[in-house]
Amino acid sequence: MPAKGDRKTVTHIPPSGISSRKPAALPRVVIIGAGCIGLSLAWRLASAGCTVDVHDQGAAGLGATHAAAGMLAAAVETEPGEQPLLPLTLDSQRRWPAFAAELEAYTGLPVDLRADGTMQVALTRDDVEVLRAGYEFQRGLGLNLKWLSGAQVKEREPWLNPRAAAGVLGADDGQVDNRKLAVALKAAALKAGARLHEHSAVQALSVSGGRADGVVVGGVLRAADVVVLAAGAWSRQLAGLPDAAVPPVRPVKGQMLALRMDAAQPLLRHVVWPPKCYLVPRLDGRLIVGATTEEKGWDDRLTAGGVLALLEAAWRALPGVEELPIEEMWTGFRPGSRDDAPILGPVPDVDGLVMATGHHRNGILLTPGTADLVADHILTGRVDPLLAPFGIGRFQGPRPQNGTDQRGTDQRAIDQRVRA
Ligand SMILES: Cc1cc2nc3c(=O)[nH]c(=O)nc-3n(C[C@H](O)[C@H](O)[C@H](O)COP(=O)(O)OP(=O)(O)OC[C@H]3O[C@@H](n4cnc5c(N)ncnc54)[C@H](O)[C@@H]3O)c2cc1C
């Protein structure tokens, strides 16, 4: 973002993920939304010397960031049509070890990053065919995946259904505890000097002369040089956005639950994707079972069908779950964009407005990359080639024929695919 207006000049040390630049005028930044995206940006920008205010309509970190499973699965989650996203997801996956180490060292708080692989599992011959088709597609993209026999699957996870017929190991994939991540990111942002305003909804964006010049909170204009829209699934609801700056983001509901294993003798040690669910064991013994993918607008109710489907799929893969207590059940809203890819970077014709939204089912995975690349843009004006394909400008053009702008989907249709 080019320097403009009332800015302070500070000598600063750039955080490790951001290209170094000479001391210069630094923008006052307001970030709308304190999820993993808004908080990580706040940390990066405050560390670089910017004045940063983060507003959240509720408590920090309790949106999709709280609801997620925390899988870092750039390889096994890549599906046909998602090839353009791969450079960004792989880049962010590579950033995770250093990002987590820096965050833990800076705050003294753990995020439980585990790069110990994820394993897809087939239970029937039909499953094997589906698994092989996905494996061949993903291998064709150069992803680091290994085909496993049934015996190798059971060697890695002995308590899986003995009928497990084959598997695919994504050795570079892993997980982080997303709830711990939110706590650590909040602490890091505050320690770096960001001001966090919880229960402080942004009512509107203020735009004057084609430039975003602040936000309205409690009826009062809070001036800023740069406004970052990081409001997750709520992003398109913000008042005051010019038409071309309304991100086509919708809530994509996910139901999840957590079972309690014996942490000393867990039923499962690594992330496993059997048919129709995924299983994410935490170090403390929680076993996360996820997740439905439903186009149901803002309906946040758990349903018998959703929970039944997840538990049945988990039980088929890991029969021992039958004995495990249910500890928690919840729903969350993925911020899904029209093409399911994030919306990042500057907004044509609205200077000072920056997008960091639409991360859909990859927002935890994409946190380090988004934080580093979007912060770099705000600090230098540069748009990294990795960011360039994900600008909001890609949605400007003819609208779909059926009058929706939601990938042509009927929002009321339930799509029971299981996704992160
Ligand atoms: C069930 C489920 C499972 C998932 N599993 C994974 C996974 O395994 N791996 C992965 O990478 N991703 C996963 N995701 C996706 C991931 O959680 C999201 O992509 C990510 O959390 C998005 O982060 P965010 O900061 O943009 O949004 P959020 O965490 O939702 O934060 C947005 C914040 O903006 C605030 N806000 C909204 N409007 C306003 C306003 N007007 N003023 C102030 N504040 C406002 C909200 O209160 C909220 O706190 C999953 C998501 C779900 C729901």
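The axes of helix 3 (residues 86–107) and helix 8 (residues 367–380) approach within 7 Å and cross at roughly 95°; helices are DSSP runs of H or I with at least four residues, strands are DSSP runs of E with at least two, and both are numbered from the N terminus. Axes are lines fitted to C-alpha atoms, for helices over the stretch in contact, and angles between N-to-C directions run from 0 to 180 degrees. Helix 3 and helix 8 are therefore roughly perpendicular to each other, a class that covers 65 to 115 degrees, with angles under 35 counted as roughly parallel, those over 145 as roughly antiparallel and the rest as oblique. On the side of helix 3 the contact is formed by Leu 88, Asp 91, Ser 92, Arg 95, Trp 96 and Phe 99, and on the side of helix 8 by Pro 368, Gly 369 and Asp 372; two residues are in contact if their C-beta atoms, placed from the backbone, lie within 7 Å. The residues of this contact comprise four nonpolar, two polar and three charged. Here Ala, Val, Leu, Ile, Met, Phe, Trp, Tyr, Cys and Pro count as nonpolar, Asp, Glu, Lys and Arg as charged, and the others, Gly among them, as polar.

Arg 94 also belongs to helix 3. The C-alpha atoms of Arg 94 and Gly 369 are separated by 9.0 Å, although these residues are 275 residues apart along the chain. Arg 94 counts as partly exposed, with 14 C-beta neighbours inside 10 Å; a residue is buried if 20 or more other C-beta atoms, placed from the backbone, lie within 10 Å of its own, exposed if 12 or fewer do, and partly exposed in between.

The structure is a predicted model, in which local features need pLDDT of at least 70 and side-chain atom pairs count only at pLDDT 80 or more, whereas totals for chains, interfaces and linings use all residues. Residues are numbered from 1 along each chain as its sequence is written. The protein contains eight helices and 21 strands, and buried residues account for 50% of its 420 residues. Of the contacts between residues at least 6 apart in sequence, 75% join residues at least 24 apart.

An open sheet of six strands, with mixed pairing, follows the order 10-4-3-14-21-20; two strands pair if DSSP finds at least two bridges between them. Strand 10 (195–197) and strand 20 (343–346) occupy the edges with a single partner strand each, so one side of each is left without a neighbour in the sheet. Direction ignored, neighbouring strands of this sheet are turned by 20° against each other on average. Within the sheet, strand 3 (residues 28–32) and strand 4 (residues 51–55) pair in the parallel sense over five bridges. In strand 4, Val 54 is the bridge partner of Ile 31, and Thr 51 is that of Arg 28. Four of the five residues of strand 3 are buried, so this strand is largely enclosed by the rest of the structure. Helix 1 lies across strand 3, strand 4, strand 14 (226–229) and strand 21 (353–357), and runs at about 165° to strand 4.

A further open sheet consists of three strands in the order 11-12-13, with antiparallel pairing. Its edge strands are strand 11 (204–208) and strand 13 (220–223), each of which pairs on one side only. The twist from one strand to the next averages 40°. Strand 11 pairs with strand 12 (residues 211–217) in the antiparallel sense over five bridges, and Val 216 in strand 12 is the bridge partner of Ala 204.

The ligand is surrounded by 45 residues, of which Gly 35, Gly 63, Gly 232, Gly 254 and Gly 363 come nearest; a residue is near a molecule or strand if its C-beta atom, placed from the backbone, lies within 6 Å of it. Two or more residues of the shell are given by each of helix 1 (36–47), helix 2 (64–67), strand 15 (249–260) and strand 19 (326–337). Strand 19 gives the most, with four residues. The shell is made up of 24 nonpolar, 18 polar and three charged residues.

Positive phi values were also examined outside glycine. Most residues other than glycine have a negative phi. Lys 276, in the loop between strand 16 (271–273) and strand 17 (278–281), has a positive phi of about 70°. His 360, in the loop between strand 21 and helix 8, has a positive phi near 45°. Lys 276 is partly exposed, with 18 other C-beta atoms within 10 Å, whereas His 360 counts as buried, with 24 C-beta neighbours inside 10 Å.
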